[in-house]
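Trainee: I've got a new structure open and could use a guide. Mind if I throw some questions at you?
Mentor: Go ahead, put it up.

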Amino acid sequence: MVKLKIDNIDVEVEAGTSILDAARQVQINIPSLCKHPDIDPSAGCGLCIVKVGGRIMRACSTPAAEGMEVVTSDAELKEIRKTVLQLILSNHPNDCLNCSRSGQCELQEMTVEMGIDRNDIVKLVSQEPKDDSTHAIVFDPAKCIVCGRCVNICQNVQNVWALSYLRRGFATKITGANDTKVGDSPCIKCGQCAAHCPTGAITDYDNTSKVAALLSDKENITVVQIAPAVRVALGEEFGFDFGTNLTGKIYAALRRLGFTKVFDTNFGADLTIIEEASEFVKRFTTNDNLPMFTSCCPAWVDYLEKNYADNIPNLSSCKSPHQMVGAMVKTYWAEKAGVDASKVKVVSVMPCTAKKWEIERDETMSSSGYKDVDEVITTRELAKMIKSAGINFKQLKEEEADNPLGEYSGAATIFGVTGGVMTAALRTAYFYITGEELGTLNFKEIEGLSAVKVAEVDIKGTKVRIAVVNGVGNVAPVMDAINKAKAEGSELPYHFIEVMACPGGCIAGGGQPRVMGATFDKPWGINNDIRKLRSKGLNTEDVEAKNRLSHKNESIKQLYNEFLGEAGGEKSHHLLHTKYCKRKLYK
């Protein structure tokens, strides 16, 4: 531990703590635009300057030291910060009211705090066009302040390298790798760049107008579904505590928006487990294409197709849960409801920007001949639609989902948390192998936010080695160990592996709210404290659920009895499974 003074306040922190973080521990805010809890400091923006012994230093990259006396604000520091911010604003448009990030923009907030009149600043705004080539995120160079957060998270955390710096000095800009469009780069559409951008430079590819058009066309039968992670995050946009589970209110809001039927992606999660657990048991017992990787995360699938194409046979062939729901809506449900499948439109509310790209894959057609899912909006976009419709979300009474595609187990809910898919799959796989239920339904070794979690599960004397990875930047050691074992012909280190592209899993997806509260201080955006609270909201629902097993979902049983037949059979494989292909890193 080291002791120091910050603005004459005694502070004691662990060695290695930055001055910026030390100050925040005693509720002293030092302005910063480039620093974020998820990434290492870059000292790029120059706003976090402080004085140490009369010398000006950057608080984000300077470690606290024993006996240090720090001044965080005086007339000179304020003037320098103001000048730096004015320089940033000189290359930034004055169109806050037209920006999707208005009211949740760190640059906008800081401008107000420093009392800067933006009308007095000479503008040098870039005229480069917006880049919407990914159809998942949109990059607007005019709003980029070159803070480097997006590059840092993409390169150093996700290990994707889709974004990079170009040129030097005042001419520095951020662009797609090798000065390409982002959609032509190694981008996997995870949206972590958008989740960490402090301005409106990187945002969702907005599909709200397309969804509004579907709803306004009275010829359509417009069906909606919500992903597990949405229910514990949407409330943040309306002043609820982090992690509050608002499933019933969300159902009510969706009906107010005009959707004909409100189903739940959790039903698809249970369906995924039936198919995926059956697939794993078959592979494990025949030693075929092991280890098996989960395929629920489209960003991870894209990453593997680009970086580890030789391992494509190891991916589960299961579609992701929302696509399974879409396929069942346009076949099973349409048939039961007696409606024309060509009139049925499916909208998915997802925590993920990569889902927008996923529905455009060539392999997303159901046997009905239609796309499984027609449009995807993120949690943030749903909040926007609710607000635009004038719905008082806080006052809504809770409602239930429509059946038969609205019933789900606790196992389905935890799909939104890292380790949840693996836990749910093992509960059912154990039953399929032994005919008995697991005594303990949770696996402590794969809980929490650690980057890579491993465990060995004993199934009546048979050892199943599993791994859970969150954040694609952490997958390389796991892949290297697998491919080394394959090359040497030695025993595989793992049999079953879950990978989620986003750190923490879907609860921290690229489309989740970025709202911050005083408890978590600045900057805006996700951090591990929020990840833990959102995770707790989903895990609590699982623990309190009447049924915590996918294979005991009565609506799932009914679906197989009435329509699909055998799990993993010809019909279910045709409707619920997909294929993959090698993709180039650069187009």
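Trainee: Why is helix H7 largely enclosed by the rest of the structure?
Mentor: Nine of the eleven residues of H7, which covers residues 247-257, are buried, so the rest of the structure largely encloses this helix. Buried means under 20% relative accessible area, exposed means over 50%, and partly exposed is in between, using a 1.4 Å probe and protein chains only. Helices are DSSP runs of H or I with at least four residues, strands are runs of E with at least two, and both are numbered from the N terminus.

Trainee: Before we go on, what kind of model is this, and how are residues numbered?
Mentor: It's a predicted model: local features need pLDDT of at least 70, side-chain atom pairs count only at pLDDT 80 or more, and totals for chains, interfaces and linings use all residues. Residues are numbered from 1 along each chain as its sequence is written, and side-chain values use heavy atoms, with hydrogens and water left out.

Trainee: Back to H7, then. What do its buried residues pack against?
Mentor: They pack against helix H6 (208-216), strand S10 (221-226), strand S11 (261-264), helix H12 (379-388) and helix H16 (528-544). Contact here means heavy atoms within 4.5 Å. Among the buried residues of H7 are Lys249, Tyr251 and Leu257.

Trainee: And what follows H7?
Mentor: Gly258, with a positive phi near 110°.

Trainee: Which residues of helix H3 are buried?
Mentor: In H3, residues 106-113, the buried ones are Glu106, Leu107, Gln108, Met110 and Thr111. They pack against helix H2 (75-90) and H4. Just after H3 comes Gly115, again with a positive phi, about 65°.

Trainee: Any non-glycine residues like that? Which one has a phi near 55°?
Mentor: That's Ala43, in the loop between helix H1 (19-25) and strand S3 (49-52). His135 isn't a glycine either, and its phi is positive at about 60°. Most residues other than glycine have a negative phi, and most peptide bonds are trans.

Trainee: Is His135 buried or exposed?
Mentor: Neither: His135 has a relative accessible area of 41%, so it counts as partly exposed.

Trainee: You mentioned trans. Where are the cis peptide bonds?
Mentor: One joins Leu290 and Pro291, with omega about -5°. Another runs from Asn403 to Pro404, with omega near 10°. Pro291 sits in the loop between H8 and strand S12 (292-293), while Pro404 is in the loop between H12 and helix H13 (410-413).

Trainee: Switching topic: how many cavities does the structure hold?
Mentor: Seven of 30 Å³ or more. On a 1 Å grid over the protein atoms alone, a cavity is a set of points where a 1.4 Å probe fits but cannot get out, and lining residues have an atom within 4 Å of a point. Points are joined across faces, edges and corners, and the volume is the space filled by probe spheres set on them.

Trainee: What about the largest one, what lines it?
Mentor: The largest cavity has a volume of about 270 Å³. It's lined by 25 residues, and Cys296, Pro351, Cys352, Lys355 and Cys506 lie nearest its centre.

Trainee: Cysteines, nice. How many disulfides does a search of the whole structure find?
Mentor: Zero. A disulfide here is a pair of cysteine sulfur atoms within 2.5 Å. Cys60 has its closest cysteine sulfur in Cys48, 3.8 Å away, which is too far for a bond. For Cys296, which is in no disulfide, the nearest cysteine sulfur is that of Cys318, 7.7 Å away.

Trainee: Last one: how many aromatic pairs are there?
Mentor: Nine. Rings of Phe, Tyr and Trp (its six-membered ring) pair if their centres lie within 6.5 Å; planes under 30 degrees apart count as stacked, over 60 as edge-to-face and the rest as tilted. Tyr332 and Phe563 form a tilted pair, 5.5 Å centre to centre with 45° between the planes. That pair links distant parts of the chain, with Tyr332 in helix H10 and Phe563 in helix H17 (residues 554-564), 231 residues apart. Both Tyr332 and Phe563 are buried.

Definitions and conventions
On a 1 Å grid over the protein atoms alone, a cavity is a set of points where a 1.4 Å probe fits but cannot get out, and a pocket is an open set with protein on both sides within 12 Å along at least five of seven lines; lining residues have an atom within 4 Å of a point.
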